[in-house]
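Grab a pencil and work through these exercises with the model open beside you. Try each task yourself before you read its solution.

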Amino acid sequence: SALCENTNEVFLDVSKLLLTYADNILRNPNEEKYRSIRIGNPTFSTKLLPIRGAVECLFEMGFQEAETHLVFPKSASVDQLRRVRESIAAERDQRLGTGQRTSCPQSTNPSSRSASVPPAATASAVASAPQRPAQPATQAPAQSATRAPEQPATQTPAQPATQPAPEPPSLLSSMTFLRTLQSNFQHVMTYESPELQRKALSCIPREQLCSRARGRLQQARKADPKCNLAEEDMLLLELLQWFKGDFFSWVDSLPCSQCGGQTQSSGSLSPSADDLRWDAGRVENHYCNACRLTTRFPRYNNPEKLLETRRGRCGEWANCFTLCCRAMGLEARYIWDSTDHVWTEVFSHSEHRWLHCDPCENACDKPLLYEVGWGKKLSYILAFSKDQVVDVTWRYSCKHQEVLSRRTQVQETWLLHTINGLNAVRQQALSAERKRELLERLVVELVEFISPKSPKPGELGGRVSGSLAWRAARGETGAAGSDKLHPEDAVSKFNAIGKTTRDGKLFILALITVHPHTDSLVVSTRTEAGPAVILSHSMTVWYDTTAVFGDGDVVLRTVVVTVCVHVVLRGAAVRQWCCTNRMTHGGHHCSLEVRSRGCWVSQKAAGFVFIPTESEKLVKLFQLQYNVTKDCYYRVHNDQEEILGWEKGTWKNESVFRKEEHDWQMVYLARAEGSSSGRVCWRVVCAPVGMKIKAVSVRAISQTFHSGAVRWSLRSAQTTVEFLGDGKMHSLAGLSGSTELVVEAELSGGDGDSAWQHAQLFRQSMKETETCSFEILVEMEEA
């Protein structure tokens with residue numbers, strides 16, 4: 001059997017332990033404690049689990065897998081246990097007598113489970129390290145890594161003296177790695193809870209995503225009749241986009257729970273009992289210098305809690321997204337990267353392979369993104385599903401030899417055998433058909449791993465999620481020396497002012513707050529600024545401690561990076577525009593507006609979130625009105641606060657601008673000329689001030705012409721409700737108890753060259769200066 005393939009020293013150690021387990025049951029058949037082996041027991045996990053064939057021998061004896069233990073049930077055959085025990089004892093006696101390895105006798109019960117490594121486990125072992133140099137046939141492959149780690153490495157007599165076994169890993173290193181494997185392998189079982197999957201489904205607009213997936217598939221097949229993708233593949237893309245765009249939010253630092261202003265990370269806090277209940281062993285302290293108030297940020301590891309909080313960094317994103325994939329019926333697995341990142345893989349039945357999916361980046365099937373785009377130095381990447389663990393490092397690298405040189409934390413043989421042992425335990429109850437399916441998939445993966453890939457264009461950019469300083473500190477802004485640019489940084493991450501010079505050039509002054517010790521920076525310019533195409537640009541970057549522009553007002557007193565970009569635009573003029581950070585209620589706005597053919601088009605800016613103020617909390621009412629003629633918002637119960645500029649109050653804006661028709665004396669919002677659709681969203685969050693929604697009413701005006709269409713919707717984490725833009729106040733049910741809401745308008749359709757004008761929001765006469773065409777009224781109560 002596989003157990004006999006181990007060296008004498010390893011076999012003698014593990015056989016002694018196996019005999020002890022068997023003898024305890026034979027001598028004390030009625031003692032329950034001897035019929036159960038805890039998988040997390042240090043003796044089992046370090047001396048037996050990593051050894052080839054050892055776990056299989058326990059199964060051969062009659063042990064079965066329970067949730068956290070191997071159990072010898074009362075219905076198991078004691079005779080079978082005795083036969084296996086005698087076979088092991090006979091081999092042990094012979095080895096003790098001769099000092100040589102012999103062939104183990106085969107199982108005395110032909111119908112029982114074979115003690116050899118299952119095919120799926122074997123394939124897993126091979127697939128985990130395709131670049132490992134081949135071992136000579138006469139040499140036991142690094143067996144010193146599989147015995148008890150505290151024993152010194154020795155060379156067995158059977159090994160050639162010229163090829164000594166490599167040094168074993170340290171006990172601490174191996175045990176740390178093993179705990180990571182066991183923890184992740186156990187954690188993914190959480191996603192299989194039917195109750196938890198139902199809760200996740202209640203948060204997902206399934207019908208809407210499926211409808212969009214069908215539309216996307218029709219477009220793909222129309223563009224390419226040979227397209228072999230399935231609706232499931234398109235559903236994955238829609239789920240990724242929804243998760244990043246509408247559901248989950250990234251946290252660099254939380255807004256102050258009192259004033260909504262910016263906070264700074266200030267160490268850690270002790271977790272409360274409730275934090276620990278939701279697996280938050282670490283709590284960050286986000287401190288507001290203005291209020292001198294601490295906002296707690298528990299790093300929850302329970303996906304059920306993340307369905308409520310819907311925020312965090314890559315750990316929370318991957319954790320919750322993997323659950324959503326399983327809830328939607330997608331076969332997904334959780335991917336752990338030892339260089340501090342996590343993501344998801346989803347199996348595509350139409351492609352017959354696993355697809356890389358990173359919800360933080362809204363990236364699908366771009367496995368070289370981390371090594372080539374971010375500049376990561378990869379070493380270990382493992383995939384965890386309900387059925388198996390697979391070492392998938394080689395999918396994510398095109399530099400296999402470099403990666404192999406960095407894999408020094410544990411011995412390769414130890415890792416292979418440990419993965420085999422974990423898989424053997426998990427797969428014991430699987431059907432033969434399922435094991436065969438897993439084996440076929442692993443063979444496909446093995447073939448994929450053998451040949452390093454070449455990077456695709458979408459894998460060349462640096463990281464998008466997180467602040468620039470955060471990405472720079474982690475070394476994930478891009479590979480060293482790379483000139484690849486980030487499409488979001490130049491617009492949404494800093495203040496800008498633009499001027500058009502007489503020679504037709506666009507001058508942009510950009511200010512970025514960075515960490516004082518950051519010595520590298522990646523800055524981007526867009527290849528398009530609205531409908532105006534950038535023909536050329538040049539860039540200069542320098543550091544300063546004070547930035548001054550405009551009329552000499554100091555807009556930023558800190559360490560800053562000043563970026564000057566000269567851009568030549570075709571047929572475009574730039575309106576001089578300056579924006580300073582609005583710290584109130586956590587709103588930050590920066591954008592650059594480019595005019596073409598008389599239309600002002602705003603580039604994507606950081607989303608604004610309305611958080612109730614103390615005065616609004618006091619009256620338990622949040623009331624927002626918008627006047628399109630004056631282009632101004634009014635917060636009625638916050639001393640009639642005015643916010644100038646419609647885009648300043650939007651959470652999301654895709655291809656929408658404000659249009660003034662001076663000949664007709666009309667004003668409205670419409671989608672950008674040439675775009676097929678547009679979308680704009682407003683977001684209100686009550687949780688930071690300890691409130692929740694009691695009731696919601698919304699009033700909006702929209703107008704369509706020809707085949708133009710406007711779809712209004714109001715959604716929370718639990719529900720989505722559509723309403724009409726008929727100018728009437730609509731009281732919408734189903735949002736009571738929620739802590740936030742999003743109002744969304746989608747513009748589409750229309751005929752001919754003027755199709756973009758055939759769907760309009762808030763259309764009214766420029767002479768109607770006192771009429772508000774949009775209103776949100778939220779009644780609140782204590783959370």
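pLDDT is the predictor's confidence in each residue, from 0 to 100. This is a predicted model, where local features need pLDDT of at least 70 and side-chain atom pairs count only at pLDDT 80 or more, while totals for chains, interfaces and linings use all residues. Residues are numbered from 1 along each chain as its sequence is written, and side-chain values use heavy atoms, with hydrogens and water left out.

**Exercise 1. Find out over which residues pLDDT stays under 50.**

Step 1: Begin with the whole chain, which averages a pLDDT of 74, with 71% of the residues scoring at least 70.
Step 2: Residues 479-606 stay under 50, and the model has 278 contacts (heavy atoms within 4.5 Å) for them beyond four places in sequence.
Step 3: Residues 105-168 also stay under 50, with 131 such contacts.
Step 4: Where pLDDT is low, don't read the predicted coordinates in detail.

**Exercise 2. Check whether the span of helix 1 agrees with or departs from what it should be.**

Step 1: Helices (H or I, at least four residues) and strands (E, at least two) are DSSP runs, numbered from the N terminus.
Step 2: The expected span is 1.5 Å times one less than the number of residues.
Step 3: Helix 1 (residues 8-27) has 20 residues, so it should span 28 Å; its end C-alpha atoms are 27 Å apart, which agrees.
Step 4: Now look at burial, where buried means under 20% relative accessible area, exposed over 50%, and partly exposed in between (1.4 Å probe, protein chains only). The buried residues of helix 1 include F11, L18 and Y21.

**Exercise 3. Work out the strand order of the open sheet of 6 strands, and what packs on it.**

Step 1: Two strands pair if DSSP finds at least two bridges between them. The order here is 12-11-10-9-13-14, with antiparallel pairing.
Step 2: Strand 12 (363-364) and strand 14 (389-391) are at the edges with a single partner strand each, so one side of each has no neighbour in the sheet.
Step 3: Strand 9 (residues 332-337) and strand 10 (residues 341-348) share 6 bridges, and D337 sits opposite H341.
Step 4: Helix 12 (residues 314-327) packs on the sheet, touching strands 9, 10 and 11. Helix 15 (residues 412-427) packs on the sheet too, touching strands 13 and 14.

**Exercise 4. Decide if T46 is buried or exposed.**

Step 1: Locate T46 in helix 2 (residues 42-48).
Step 2: Its relative accessible area is 12%, so T46 is buried.

Notes
Axes fitted to C-alpha atoms, helices over the stretch in contact; angles between N-to-C directions.
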